[in-house]
Amino acid sequence: MRPVQDLCKITLGVAVITLGTLTYHSSAYAGSLGPKAIDLREWTQQGILEKGNWVVSDDGTSVVQDIHEGSGTFFVSPDKFINTIIRGKFKVDTKQDDDWMGLMFGLESPTGDNIEATGESSFFLFDWKQADQGSHKEGLSLAKVSGKYGAYANRSRFDVLRSDFGQDKGWQDLTEYEFALLYEEEGIKIDIDGQTIFEIDAEELGRNFDPGHVALYTASQKDVKFSDLSYESTAASTSVPEPSSAIGLLGIGAAGVGSLLKGKKRSQ
Ligand SMILES: [Ca+2]
Ligand SMILES: [Ca+2]
């Protein structure tokens, strides 16, 4: 995929010289590149296999993690993502229990069956708990997990970057929420039902973010359903342009491949 990206950048660079300034039409961008549906039949359970049971629908549009496991289970994308919005829905489809559902992203390591127990972890974890339980708080958090993961019970190992805890912050039973995860080299933004929950500039961590796998996540919670996932590039150079759409892509480049994150910041 790298060579194609590089080729695209070269193509755009030449086009800038040849054609000069063009105008950015967001509708053309959405029409030509737009969100692409994710087929969950291509994703795989990783981590300790008996800790989770991920059941994908026949058409690949949804998956349910249907057992109560003790320490976290992960359903992982085959591809790595950066400069991308991942959208989808999640829901706890039972009244039982009050624990975590969430997303992992920027997942570099480890993958495979040792994700939980051994090795150097490197990923972001966005998770959401329904109710307080001892030191585990009701609400949402965004953490960077490095080193040994060792299950949710060892959250002291997490570097919690943002949190939004409180008595009315938990998810509701049998309620579907829409999430939008923007993961870019220069920052992270997470929306739930169109409302921004967390936003982080990469400068805060002192370095740009790297491509990584995305994973669906549950911890100590059964019957969590994820559905209607899609991804959409926020950078023209990460998609393969058809010859007829190269000018449209150029428009985006000329306007500043400007990330959506920056766009939002400018508007604040
Ligand atoms: Ca419940
Ligand atoms: Ca539980």
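Two strands pair if DSSP finds at least two bridges between them. Keep that in mind, because pairing guides most of this tour.**Overview**

This is a predicted model. Start with the whole protein chain, which has four helices and 15 strands. Of its 268 residues, 34% are buried. Among contacts with a separation of 6 or more, 71% join residues 24 or more positions apart.

Now colour by confidence. The mean pLDDT of the chain is 79, and 70% of its residues reach 70 or more. Select residues 1-32: here the pLDDT is below 50, and the stretch has 34 contacts beyond near neighbours in sequence. Then select residues 237-258. Their pLDDT also stays under 50, and the model gives them 47 contacts beyond four places in sequence. Where pLDDT is low, the predicted coordinates should not be read in detail.

**Stop 1: the open sheet**

Show the strands in the order β2-β5-β14-β7-β8-β9-β10. These seven form an open sheet with antiparallel pairing. Its edge strands are β2 (44-46) and β10, each of which pairs on one side only. From one strand to the next, the twist averages 25°. Strands of a sheet pair through backbone hydrogen bonds.

Begin at the β2 edge. Three bridges link β2 to strand β5 (residues 73-81), in the antiparallel sense. Pick T44, then look across to V76 in β5, which stands opposite.

Move to the other end of the sheet. Strand β8 (residues 121-129) pairs with strand β9 (residues 139-147) through nine bridges, again antiparallel. Next comes strand β10 (residues 159-165), which runs antiparallel to β9 and is joined to β9 by six bridges. To see one of these links, select S141: its bridge partner in β10 is S163.

**Stop 2: K144**

Stay on strand β9 and select K144. Which residue is its bridge partner? It is F124. Leaving aside neighbours within four places in sequence, K144 is in contact with F124, D159 and L161. Measure from K144 to F123 as well: the two are 21 residues apart in sequence, yet 6.0 Å apart in space, C-alpha to C-alpha.

Is K144 buried or partly exposed? K144 has 17 other C-beta atoms within 10 Å, so it is partly exposed. A buried residue would need 20 or more.

**Stop 3: the nonpolar core**

Now go to the largest nonpolar core, which has 43 residues. Select L103, M104, F105, A215 and Y217, the residues with the most contacts inside this core. Strand β7 (residues 100-109) gives the most to the core, with six residues.

Centre the view on M104. What does M104 touch beyond four places in sequence? Its contacts are F74, F123, F124, L125, V214, A215 and Y217. F124 is also the bridge partner of K144 from the previous stop.

**Stop 4: strand β15**

Select strand β15 (224-233). Three pairings can be viewed here.

- Strand β1 (residues 36-37) runs antiparallel to β15, with two bridges between them. A37 has S230 in β15 as its bridge partner.
- Strand β4 (residues 62-65) is joined to β15 by four bridges, also antiparallel. V64 stands opposite K225.
- Strand β6 (residues 84-92) makes eight bridges to β15 in the antiparallel sense. R87 has S230 in β15 as its bridge partner.

S230 is worth a second click: it is a bridge partner of A37 and of R87.

**Stop 5: three loop residues**

Step back from β15 into the loop that joins β14 (212-219) to β15, and select S220. Its phi is near 60°, a positive value in a residue other than glycine. Is S220 buried or exposed? It counts as buried, because it has 21 C-beta neighbours inside 10 Å.

Next, find D193 in the loop between β12 (187-192) and β13 (195-201). D193 has a positive phi too, near 50°. D193 is exposed, because there are 11 other C-beta atoms within 10 Å.

Finish at D168, in the loop between β10 and β11 (176-184). D168 counts as exposed, with 6 C-beta neighbours inside 10 Å. Measure from D168 to Q130: they are 38 residues apart along the chain, and their C-alpha atoms are separated by 9.1 Å.

Terms used
Residues numbered from 1 in each chain as written. Chains lettered and ligands numbered in written order. Predicted model: local features only at pLDDT ≥ 70, side-chain atom pairs only at ≥ 80, totals over all residues. Axes fitted to C-alpha atoms, helices over the stretch in contact; angles between N-to-C directions. Buried ≥ 20, exposed ≤ 12 C-beta atoms within 10 Å, placed from the backbone. Contact = placed C-beta atoms within 7 Å. pLDDT = per-residue confidence, 0-100. Core = buried A, V, L, I, M, F, W, Y, C linked by C-beta atoms within 7 Å.
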